[in-house]
Amino acid sequence: MLTPADLDTLLLTFKVASIATLLMLLLGTPLAWWLARTHSAWKGMINAIVALPLVLPPTVLGFYLLVLMGPSGAIGEFTNWLGLGTLPFTFAGLVIASVLYSMPFVVQPLQAAFTTIGEQPLEAAATLRAGPLDTFFSVVVPLAKPGFLTAAILGFTHTVGEFGVVLMVGGNIPDKTRVVSVQIYNHVEALEYSEAHWLAGVLLVFSFSVLLVLYTVLKTQPVAHQLK
Amino acid sequence: MLQTTLSRVFITLALLLVGQTSWAASVLVAVAANFSKPMTEIAAEFEKATGHSAKLSFGSSGKFVSQIENGGPFEVLLSADEKSPQKLEQSGLTVPDSQFTYALGKLVLWSAKPGYVDNQGKILTTGGFKHLALADPKLAPYGLAAMEVLKKMGLMEKLQPLFVQGENIAQTYQFISTANAELGFVALSQVIENGKIATGSGWIIPGDYYAPIRQGAVLMKKGAENPAAPALLDYLKSAPALAIIEKYGYDLPQK
């Protein structure tokens, strides 16, 4: 059965994933909008940077975050200067690492959705004298709703499944950075297989249900199409 | 033309492969993270001395046990403890009576900052740090030893909130060497060079603060038919290997 410690890791994981998903939607929406509309020479470069966490091993990302966010890293010196201390081994640090790690899963579906909308609805809105913000919220957001749903669900579930990055910057602190994937790994390493099975089972059922809802009820295209 | 070129390539490749296996055997060794530096040196000497080669895989002992129990290909295990080889023995995966202690691990309280850790570990009592790194005591014997030290010093309750735990001792070292944790408990072998702590500052913890970390080696049944596997275990007991083990700060097992 699940122990109280296991339940704590589940709760913490959902907390990290919820906050990270909110942040990713806030930051990812303008970024995806810009990427979908721009003809700038920088577009290819920014697209490549956003997609980088898809191909980099998470441990590589995690190790460089540990170095960069540490006291002698650029980010660490900045957060120290702000009086916030350094980010590794903290809840905030974990959220920031998750945002960087899962960002492509939010930006790419949004970018695809925005591109699909095309010029026509925007021009129509403009002839009706809608301002840019009004157009965005009354035209773009409703039309791109499936994109937003896909982005939110993929961003959330991908953060729940995050492991390598947390292992590197987390420090395995209960209620702060000990998330469910790390807990499963530790159960396996400690040869506590039955605890590991239980927790892994919960995670499996959860992830499968969410994806099932995404692909059947919402009739979304499989991820591979979106990530092209 | 293309065909002859291709066939030449294949013949060369085939000769290379056959050549490799015919005169030297290769053994796949699972090595506990704390022993990675000395083992790399020992493996090089082993190759020179016997002509066999050793392929080393570094990680935590617990992970190796899981992998071996599920068909992992390792032929020799150099564990960080004695529990892991015993567990494999119970599962009937080892060659009976092949287990022996190859080194006694030593624990050090270490910081990347020079002059930060005094040679009596008083810093633990005075405090002033935000993070104390150690290996997960559930998984790593060096983590367990660190807990014993803190209990013995009566500092457990005070310092537990500052713990950051590495999954194995190599990751614990990483937390400290990147200065994300001001100090922490690592294996002496990780920070020693020519008999001295090479960088930063450290306190080599006296042996009466924790139970000896007896590191066990064992031959797996998978390696029983491979001449290189028992040869490597024999070599571990030889004078040149023992000298390397001692150089990295380990105590030698009593004969």
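This passage describes the two chains of a predicted model, their contact, and some local backbone features.

Chain A is helical. The chain holds 12 helices and 0 strands. Read along the sequence, its pattern is α-α-α-α-α-α-α-α-α-α-α-α. Its C-alpha atoms fill a box of roughly 65 × 45 × 25 Å along the principal axes. Chain A has 228 residues, and 37% of them count as buried. Among contacts in chain A with a separation of 6 or more, 72% come from residues 24 or more positions apart.

Chain B contains both kinds of element, with 11 helices and 12 strands. The box filled by its C-alpha atoms is roughly 75 × 45 × 35 Å, again taken along the principal axes. Of the 255 residues in chain B, 45% are buried. For contacts in chain B between residues at least 6 apart in sequence, 79% join residues at least 24 apart.

The domain assignment splits chain B into domain 1 (2-104 + 213-247) and domain 2 (107-204). Domain 1 of chain B is thus given as two segments of the sequence. The centres of the two domains, taken over C-alpha atoms, are separated by 30 Å. Where the domains of chain B meet, 11 residues of domain 1 are in contact with 12 residues of domain 2. The side of domain 1 that touches domain 2 has 5 nonpolar, 4 polar and 2 charged residues.

The two chains also touch. Chain B brings 16 residues to this contact, and chain A brings 17 residues. On the chain B side, H3 and strand S7 (163-166) each supply at least two residues. H3(B) gives the most to this side, with 4 residues. By class, the residues of chain B that touch chain A divide into 5 nonpolar, 7 polar and 4 charged.

Helix H3 of chain B spans residues 61-69. Buried residues in this helix are Ser61(B), Gly62(B), Lys63(B), Phe64(B), Val65(B) and Ile68(B). What covers them comes from both chains. Chain A contributes helix H10 (180-189) to this cover. From chain B, the cover includes strand S1 (26-32), strand S2 (53-59), strand S3 (76-78) and helix H4 (83-90). Just after H3(B), Gly71(B) takes a positive phi of about 90°.

Positive phi values also occur at other residues. Most residues other than glycine have a negative phi. Asp175(A) is not a glycine, yet its phi is positive, at about 65°. This residue lies in the loop between helix H9 (164-169) and H10 of chain A. H10(A) is also the helix that helps to cover the buried residues of H3(B). Asp175(A) is exposed, because 12 other C-beta atoms lie within 10 Å, and a residue counts as exposed at 12 or fewer.

In chain B, Ala179(B) is a residue other than glycine with a positive phi, near 65°. Its place is in the loop between helix H8 (169-177) and strand S8 (183-187) of chain B. Ala179(B) is buried, because 20 other C-beta atoms lie within 10 Å, and a residue counts as buried at 20 or more. Asp175(A) is thus exposed, whereas Ala179(B) is buried.

How values were computed
Residues are numbered from 1 along each chain as its sequence is written. Chains are lettered from A and ligands numbered from 1 in the order in which they are written. This is a predicted model: local features need pLDDT of at least 70, side-chain atom pairs count only at pLDDT 80 or more; totals for chains, interfaces and linings use all residues. Two residues are in contact if their C-beta atoms, placed from the backbone, lie within 7 Å. Domain bounds come from an automatic or database domain assignment. Ala, Val, Leu, Ile, Met, Phe, Trp, Tyr, Cys and Pro count as nonpolar, Asp, Glu, Lys and Arg as charged, and the others, Gly among them, as polar.
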